[in-house]
Amino acid sequence: MTHHDDDHYEPVRGLPELPPEGEKILWQGAPHWSAIALRVFHIRAVAIYFAVLVVWRLVASLSDGLGMIAAAKSAAIILVPAVLGLGLLAFLAWTIAKTTVYTVTNRRVAIRAGVAVSKTVNLPFTIIESAALKTHGDGTTDLPLTLVDGNKPAYLLLWPHVRPRQYRAVQPMLRGLINGDYVARLLSTALCEYHDLDPETACAPTAEADAANTTTKAPAKPASDKPRAVAAAS
């Protein structure tokens with residue numbers, strides 16, 4: 001695993017240098033900004049918090065004897081920091097999505113990210129043990145990557161493109177994808193071909209659907225409530 005501090009020049013979008021001979025880019029994409037806003041900055045919870053404050057201020061003002069109009073004006077004061085705060089979180093989420101490029105080639109996964117300073121983290125297939133797919137209620141999906149033992153990237157270096165709260169076994173993650181099913185199958189096939197496995201048998205993903213989540217997994221992985229493997233490298 002390597003990472004590069006990138007300047008403004010990229011010979012290929014999302015990569016710090018031209019791919020070596022024989023390496024082909026299979027897919028490139030980015031997280032959707034709403035997924036960043038919802039699951040990184042928890043913008044929905046922040047909105048609920050401000051809504052509770054507005055209601056509390058309105059009820060308190062009415063209890064103090066103010067009329068409805070005066071009480072509403074008093075409660076409306078809270079809307080100013082609410083709009084500014086939510087707008088700032090939405091802008092940060094949009095900026096992160098805009099400056100991120102995920103790249104899958106036939107040899108590696110690369111994550112180019114960084115608002116102020118752009119960095120590219122290369123994850124060669126030799127250190128990717130498995131990938132997983134988790135679909136959220138908003139239709140976006142996350143693809144966390146389990147790395148071979150001995151490879152531990154810095155959590156803060158990858159954030160927010162990392163599985164939350166996995167500090168000991170850090171898992172890089174392609175977050176908030178619109179076409180996550182397609183990317184998972186493409187990555188599964190690429191990993192199998194790289195390790196000379198038959199994609200139709202050894203690594204063929206099977207879908208399990210329920211009301212809230214569609215998960216793709218490798219046959220060798222047991223079922224659980226965690227994201228499940230879609231491809232495993234031998």
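Start by selecting His42, which sits in the loop between helix H1 (33-39) and H2. Helices here are DSSP runs of H or I with at least four residues, strands are runs of E with at least two, and both are numbered from the N terminus. Check the backbone at His42: phi is near 50°, a positive value in a residue other than glycine. His42 is partly exposed because its relative accessible area is 44%. For that scale, buried means under 20% relative accessible area, exposed means over 50%, and partly exposed is in between (1.4 Å probe, protein chains only).

A quick word on what you're looking at. This is a predicted model, where local features need pLDDT of at least 70, side-chain atom pairs count only at pLDDT 80 or more, and totals for chains, interfaces and linings use all residues. Residues are numbered from 1 along each chain as its sequence is written, and side-chain values use heavy atoms, with hydrogens and water left out.

**Zoom out**

Show the whole chain as a cartoon. You should find six helices and eleven strands. Of the 234 residues, 41% count as buried. Switch on a surface and the chain exposes about 12500 Å², with carbon and sulfur atoms supplying 61% of it. That area comes from the Shrake-Rupley method with a 1.4 Å probe; for residues, only the protein chains shown count as cover.

How much of the contact between residues at least 6 apart in sequence joins residues at least 24 apart? The figure is 60%. A contact here means heavy atoms within 4.5 Å.

**Two helices that meet**

Now pick helix H2 (residues 43-63) and helix H3 (residues 68-76). Their axes come within 8 Å and cross at roughly 145°. The axes are lines fitted to C-alpha atoms, for helices over the stretch in contact, and angles run from 0 to 180 degrees between N-to-C directions. Show side chains for Val54, Arg57, Leu58, Ser61 and Leu62 in H2: they meet Met68, Ala71, Ala72, Ser74 and Ala75 in H3. Colour these contact residues by type and you get seven nonpolar, two polar and one charged. In that colouring, Ala, Val, Leu, Ile, Met, Phe, Trp, Tyr, Cys and Pro count as nonpolar, Asp, Glu, Lys and Arg as charged, and the others, Gly among them, as polar.

**Rings in pairs**

Next, go hunting for aromatic pairs; the structure holds five. Rings of Phe, Tyr and Trp (its six-membered ring) pair if their centres lie within 6.5 Å; planes under 30 degrees apart count as stacked, over 60 as edge-to-face and the rest as tilted.

Select Phe91 and Trp94. This pair is stacked, at 6.2 Å centre to centre and 25° between the planes. Both residues lie in helix H4 (residues 79-98), three residues apart, which is about one turn of the helix. Trp94 counts as partly exposed, since its relative accessibility is 43%.

Then select Phe125 and Tyr194. Why is this pair edge-to-face? The ring centres are 5.5 Å apart and the planes sit at 85°, so the pair earns that label. Phe125 is in the loop between strand S5 (119-124) and strand S6 (128-135), while Tyr194 is in helix H6 (residues 180-194), so the pair links distant parts of the chain, 69 residues apart. Is Phe125 buried or exposed? Phe125 is buried, because its relative accessible area is 0%. Tyr194, at 34%, is partly exposed.

**A strand residue with lots of company**

Move to Ile111 in strand S4 (residues 108-113). Ile111 is buried, with a relative accessible area of 3%. Leaving aside neighbours within four places in sequence, Ile111 is in contact with residues including Val101, Tyr102, Val121, Leu123, Leu158 and Met173. Try a distance label too: the C-alpha atoms of Ile111 and Gln28 are separated by 9.9 Å, though these residues are 83 apart along the chain.

**Last stop: one loop, two oddities**

Finish in the loop between helix H5 (155-158) and strand S8 (173-177), where you'll find Pro160. A cis peptide bond joins Trp159 and Pro160, with omega about 5°. Arg165 is found in the loop between H5 and S8 as well. Arg165 has a positive phi of about 65° although it is not a glycine. Arg165 is exposed, because its relative accessible area is 65%.
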